[in-house]
Amino acid sequence: MQSVFEPTVFATTFMTLLVIQDPLGAIPIFLSLTSRQTPTERAASARQATVVSFGVILLFAVFGRYILKFLGISVPSLQVAGGLLLLLVALELLTDKADESPDPDAVTSNAALVPLGTPLLAGPGAIVAAMVAVDATGGGVAGWVSVTAAIIATHIAIWVALRFSLGLNRVLGTSGIRILTRVMGLLLAAIAVQIMADGVFAFLATRL
């Protein structure tokens with residue numbers, strides 16, 4: 001009987017999305033955007049940001065392959081381009097050049113939706129990673145289940161980080177969050193290189 005769940009696909013997709021979306025790194029930005037909100041409003045903002053991010057990424061995971069077919073883009077090409085984009089995101093994490101916290105006075109009351117839900121959480125890197133993960137599985141049932149489970153697990157982690165952001169910020173501190181962000185950036189760089197290498201070999205295989 002064929003398995004309907006692939007642990008390796010789940011683990012790889014979960015780690016990739018978790019590193020890219022960086023829930024701990026989003027805590028200072030979230031606290032800045034919700035600085036004038038009550039605890040109840042902040043909890044609602046955490047939920048809204050998580051739902052928006054989940055919806056955007058799932059949408060591209062489901063329909064991304066059809067967009068690629070319409071544009072005539074092969075999976076190896078997406079892997080190489082996606083790996084390069086993820087490498088740029090990793091370099092931002094490693095060099096501390098990621099987007100700075102927006103000014104609370106310059107954002108709207110829907111800051112949990114934009115810019116937090118998207119593009120800060122559900123940004124180009126996470127979208128491409130989800131699309132690459134789905135296409136790499138070949139669209140089988142086991143692949144879909146594993147990738148979807150990874151997306152859900154990632155957003156549970158995001159919700160926990162945002163929901164308890166005040167406590168986590170006190171425990172980890174700014175320095176702790178920066179250190180974890182650097183480690184995640186290093187892991188993401190390695191994942192990006194592997195994705196690009198797989199894409200290059202797959203592309204060459206189709207030409208030989």
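**Exercise 1. Is Ser3 buried, partly exposed or exposed?**

Solution. The model under study is a predicted one. Step one is to place the residue: Ser3 belongs to the segment before H1. Step two is to apply the cut-offs, under 20% for buried and over 50% for exposed, with partly exposed in between. The relative accessibility of Ser3 is 46%, so Ser3 counts as partly exposed. A final step relates Ser3 to a distant part of the chain: Gln194 is 191 residues away in sequence, and the two C-alpha atoms are 26 Å apart in space.

**Exercise 2. Locate Asp22 and His155, and decide for each whether it is buried or exposed.**

Solution. Begin with Asp22, which is found in the loop between H1 and H2. Its relative accessibility is 6%, and Asp22 therefore counts as buried. The backbone of Asp22 deserves a remark: its phi is near 45°, a positive value in a residue other than glycine.

Turn next to His155, a residue of helix H7, which spans residues 141–163. With a relative accessibility of 3%, His155 also counts as buried. To see what surrounds His155, set aside its neighbours within four places in sequence; the contacts of His155 are then Gln21, Thr50, Ser53, Phe54 and Ile57.

**Exercise 3. Describe how helix H1 packs against helix H8.**

Solution. First, identify the elements: H1 covers residues 7–21 and H8 covers residues 165–207. Second, consider the geometry: their axes come within 9 Å and cross at roughly 130°. H1 and H8 are therefore oblique to each other, and their crossing is left-handed. Third, list the participants: H1 contributes Thr16, Leu18, Val19 and Ile20, while H8 contributes Met184, Leu187, Leu188 and Ile191. Fourth, sort these residues by class: seven are nonpolar, one is polar and none is charged.

**Exercise 4. Explain why helix H2 is described as largely enclosed, and examine its packing against H8.**

Solution. The first step is a count: nine of the eleven residues of H2 (residues 23–33) are buried, so H2 is largely enclosed by the rest of the structure. The buried residues are Pro23, Leu24, Ala26, Ile27, Ile29, Phe30, Leu31, Ser32 and Leu33. The second step asks what encloses them: these residues pack against H1, helix H3 (39–71), helix H5 (112–121), H7 and H8.

The third step takes up one of these partners. The axes of H2 and H8 are 8 Å apart, and the packing angle is about 125°. H2 and H8 are therefore oblique to each other, with a left-handed crossing. On the H2 side the contact is made by Leu24, Gly25, Ile27, Pro28, Phe30 and Leu31; on the H8 side it is made by Ser165, Leu166, Leu168, Asn169, Leu172, Ile177, Leu180 and Thr181. By class, this contact of H2 with H8 holds ten nonpolar, four polar and no charged residues.

**Exercise 5. Which elements build the largest nonpolar core, and which gives the most?**

Solution. Start with the extent of the largest nonpolar core, which has 31 residues. Those with the most contacts inside it are Ile20, Ile57, Leu78, Leu86, Val147, Ile151 and Leu188. Next, assign the core to elements: two or more residues come from each of H1, H3, helix H4 (75–95), helix H6 (124–136), H7 and H8. The greatest contribution is that of H6, with nine residues.

Val147 may then be examined individually. Apart from neighbours within four places in sequence, Val147 is in contact with Val9, Thr13, Ala133, Val134 and Thr137. There is also a second, separate core of 15 residues, which includes Ala26, Phe30, Leu121 and Ile158.

**Exercise 6. Characterise the contact between H4 and H6.**

Solution. Consider the axes first: those of H4 and H6 come within 9 Å and cross at roughly 150°. The crossing is left-handed. Next, name the residues that meet: Val75, Leu78, Gln79, Gly82, Leu85 and Leu86 in H4, and Pro124, Gly125, Val128, Ala129, Met131, Val132, Asp135 and Ala136 in H6. Finally, classify them: the contact of H4 with H6 comprises ten nonpolar, three polar and one charged residues.

Methods
Residues are numbered from 1 along each chain as its sequence is written. This is a predicted model: local features need pLDDT of at least 70, side-chain atom pairs count only at pLDDT 80 or more; totals for chains, interfaces and linings use all residues. Side-chain values use heavy atoms; hydrogens and water are left out. Axes are lines fitted to C-alpha atoms, for helices over the stretch in contact, and angles run from 0 to 180 degrees between N-to-C directions. Helices (H or I, at least four residues) and strands (E, at least two) are DSSP runs, numbered from the N terminus. Angles under 35 degrees count as roughly parallel, over 145 as roughly antiparallel, 65 to 115 as roughly perpendicular and the rest as oblique. A crossing is left-handed if the near helix is turned anticlockwise from the far one by less than a right angle, and right-handed if clockwise. Contact means heavy atoms within 4.5 Å. Ala, Val, Leu, Ile, Met, Phe, Trp, Tyr, Cys and Pro count as nonpolar, Asp, Glu, Lys and Arg as charged, and the others, Gly among them, as polar. Buried means under 20% relative accessible area, exposed over 50%, partly exposed in between (1.4 Å probe, protein chains only). A nonpolar core is a set of buried Ala, Val, Leu, Ile, Met, Phe, Trp, Tyr and Cys residues joined through side-chain atoms within 4.5 Å.
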